[in-house]
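Subject: Structure handover

Hello,

Here is the structure I said I would pass on. My notes on it follow below.

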Amino acid sequence: MNNIENKKILLIICGGISAYKSLEIIRLLKKKGACVKTILTKSAKEFVTPLSVASLSQEKVYDDLFSHENESEMDHISLSRWSDLILVAPATANTIFKLSSGSSDDLASTVILASNKDVFLVPAMNVRMWEHTSTKENLKKLMNFGYQIIGPEIGDMACGEYGQGKMTEPVEIVGSIELYFSNLKKNNNFKALVTAGPTHEYIDPVRYISNRSSGKQGHEIAKSLKKNGFETTLISGPTNLEPISGINQINVNSAEEMFKAVLNCLPTDVAIFSAAVSDFKIKNKEKYKIKKKESMNLHLEKNIDILNHISKHNSLRPKLVIGFAAETNNLNEHAKKKLTEKNCDWIIANDVSDNTIGFGSNFNEVSIFYKNMRYEKLPKMKKTFLADNIVKKVISHLN
Ligand code: CTP
């Protein structure tokens with residue numbers, strides 16, 4: 001069995017001269033046993049006919065955002081949920097612009113905006129359009145969104161010019177899709193552990209000390225690991241986030257509970273410690289609610305450092321141990337120190353003094369420090385896309 005057999009591919013065909021090659025993509029995918037549904041944009045119909053697409057795919061062709069026939073089906077949601085992968089081929093300069101700005105004025109763009117699946121774009125356009133700064137900027141945004149780009153190739157173009165912009169050949173596109181599914185299958189053998197969120201260290205039954213943390217980044221990492229085929233356990237401190245389907249989520253309160261849950265879940269291939277664990281716990285937690293008084297002292301003692309313990313453990317240490325460092329100053333120095341002192345393979349460091357990123361925000365801006373002291377600074381991006389970026393690096397490291 002090949003890796004494409006029984007996979008559900010949603011192919012979006014846009015209006016470009018290379019749309020004729022999309023018919024060959026459908027033929028090759030069908031030959032490998034995939035189920036292919038298609039959306040044709042308005043201008044795509046100028047280049048290929050719905051009849052030829054429907055005949056090759058043996059499925060109804062979708063085009064209208066609002067169809068009287070299928071109103072109850074909500075095509076823009078159901079098509080995306082149905083698919084295992086969305087392929088946009090050819091992706092024209094106009095489509096690339098629309099997707100980069102979150103447009104949803106037709107079925108194709110709305111499906112992608114509403115999608116929870118991986119999106120592959122196969123650009124095809126004139127060389128000058130491809131080289132234009134606006135296309136490059138739009139593409140950069142799409143890559144930050146986590147979309148995968150195939151091509152374009154260099155060669156003679158239908159318009160008579162020569163350069164980069166030619167759509168990648170169907171056989172290679174199908175090859176990339178096959179590789180994607182085979183990687184997913186390979187990752188199926190990997191186990192991952194993520195800690196996320198804050199911990200609550202109780203003073204009495206109603207009061208606690210804690211760290212600021214929404215848990216969003218860790219939850220996004222767990223989501224991305226799961227999406228990429230990892231058997232994932234998320235050990236989360238208290239957050240307001242929805243549970244993620246398909247992963248094993250263990251909710252904990254205190255650092256001690258988090259530590260026990262981590263021990264229970266090991267061994268894993270990778271462990272990502274993104275939790276904002278409280279460094280201290282209350283020495284003598286009160287059984288009953290403490291009554292108001294003029295002043296009171298809290299006796300704190302050090303909590304176990306979960307990351308430090310696991311990364312120095314002879315038998316339990318996962319192959320890849322990744323820590324986080326949330327800093328307000330001297331980011332690089334502190335991150336490098338934590339990398340070495342906590343025996344991590346990577347430290348992901350972010351500056352939490354900037355309110356537009358980090359705590360509670362949907363965005364993050366981090367640098368990744370590696371064991372060999374090399375580091376890379378990633379641009380500010382949505383936590384979802386940062387999670388995909390991190391997971392991509394994890395996959396290439398493990399493989
Ligand atoms: N960490 C942990 N257990 C702790 C404290 C921290 O597992 N008790 C992990 C965090 O999940 C993170 C890394 O250690 O991956 C660094 O956490 P951070 O709070 O940035 O640093 P600390 O080690 O607590 O040091 P400091 O508070 O002095 O910056």
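I start with one residue: the side chain of Asn-126 is in polar contact with the side chain of Glu-161, at 3.4 Å. Please keep in mind throughout that this is a predicted model. Asn-126 sits in the loop between E5 and H6. Leaving aside residues up to four places away in sequence, Asn-126 touches Met-157, Cys-159, Glu-161 and Gln-164. With a relative accessibility of 18%, Asn-126 counts as buried, because the cut-off for buried is under 20%.

Domains

The protein is divided into domain 1, residues 8–186, and domain 2, residues 188–398. From domain 1 the contact takes 7 residues, and from domain 2 it takes 9 residues. The C-alpha centres of domain 1 and domain 2 are 37 Å apart.

The size of an interface is often given as the accessible area lost when the parts come together. Here the area buried between domain 1 and domain 2 is about 850 Å², and carbon and sulfur atoms give 45% of that. On the domain 1 side, Asn-144, Leu-184 and Lys-186 supply 51% of the area buried against domain 2, more than any other three residues.

As for specific interactions, the rule finds 1 salt bridge across the interface of domain 1 and domain 2. It also finds 5 residue pairs in polar contact across that interface. Helix H8, residues 170–187, gives the largest share of the side of domain 1 that touches domain 2, with 3 residues. Sorted by class, that side of domain 1 has 2 nonpolar, 2 polar and 3 charged residues.

Helix H8 also holds Gly-175. At 33% relative accessibility, Gly-175 counts as partly exposed. Gly-175 and Leu-29 are 146 residues apart in sequence, yet their C-alpha atoms are 10.0 Å apart in space.

Helix H4

Helix H4 covers residues 93–100, and 6 of its 8 residues are buried, so this helix is largely enclosed by the rest of the structure. The buried ones are Ala-93, Thr-95, Ile-96, Lys-98, Leu-99 and Ser-100. What covers them? The cover includes strand E4 (85–91), helix H5 (107–113), strand E5 (119–123), helix H6 (127–131) and helix H7 (133–144). Just after H4, Gly-102 has a positive phi of about 70 degrees.

Lys-98, one of the buried residues of H4, is also part of a network of salt bridges that links it with Asp-105 and Asp-106.

Salt bridges

How many salt bridges does the structure hold? There are 22. Four of the pairs are described here.

- Lys-227 and Asp-118: their side chains meet in a salt bridge, at 3.5 Å from N to O.

- Glu-220 and Lys-223: the side chains meet in a salt bridge, at 3.4 Å from N to O. The two residues are 3 apart in helix H9 (residues 216–227), which means that about one helical turn separates them. An α-helix has 3.6 residues a turn, so residues three or four places apart point the same way. Glu-220 is buried, with a relative accessible area of 17%, whereas Lys-223 is partly exposed at 39%.

- Glu-301 and Lys-283: the closest N and O atoms of this salt bridge are 3.9 Å apart. The pair links distant parts of the chain, 18 residues apart, with Glu-301 in strand E16 (residues 300–302) and Lys-283 in the loop between strand E15 (280–282) and E16. Glu-301 counts as partly exposed at 28% relative accessibility, and Lys-283 counts as partly exposed at 40%.

- Lys-377 and Glu-365: here the closest N and O atoms of the salt bridge are 3.1 Å apart. Lys-377 lies in strand E21 (residues 375–377) and Glu-365 in the loop between strand E19 (363–364) and strand E20 (366–370), so the salt bridge ties together parts that are 12 residues apart in sequence. Lys-377 is exposed, with a relative accessible area of 57%, while Glu-365 is partly exposed at 27%.

Regards

Notes. Residues are numbered from 1 along each chain as its sequence is written. This is a predicted model: local features need pLDDT of at least 70, side-chain atom pairs count only at pLDDT 80 or more; totals for chains, interfaces and linings use all residues. Side-chain values use heavy atoms; hydrogens and water are left out. Domain bounds come from an automatic or database domain assignment. Contact means heavy atoms within 4.5 Å. Buried area is the accessible area (1.4 Å probe) that two parts lose on being put together, summed over both. A salt bridge is a side-chain nitrogen of Lys or Arg within 4 Å of a carboxyl oxygen of Asp or Glu. A polar contact is a pair of N or O atoms within 3.5 Å; within protein, one must be able to donate a hydrogen and the other to accept it, and residues adjacent in sequence count only if both atoms are side-chain atoms. Helices (H or I, at least four residues) and strands (E, at least two) are DSSP runs, numbered from the N terminus. Ala, Val, Leu, Ile, Met, Phe, Trp, Tyr, Cys and Pro count as nonpolar, Asp, Glu, Lys and Arg as charged, and the others, Gly among them, as polar. Buried means under 20% relative accessible area, exposed over 50%, partly exposed in between (1.4 Å probe, protein chains only).
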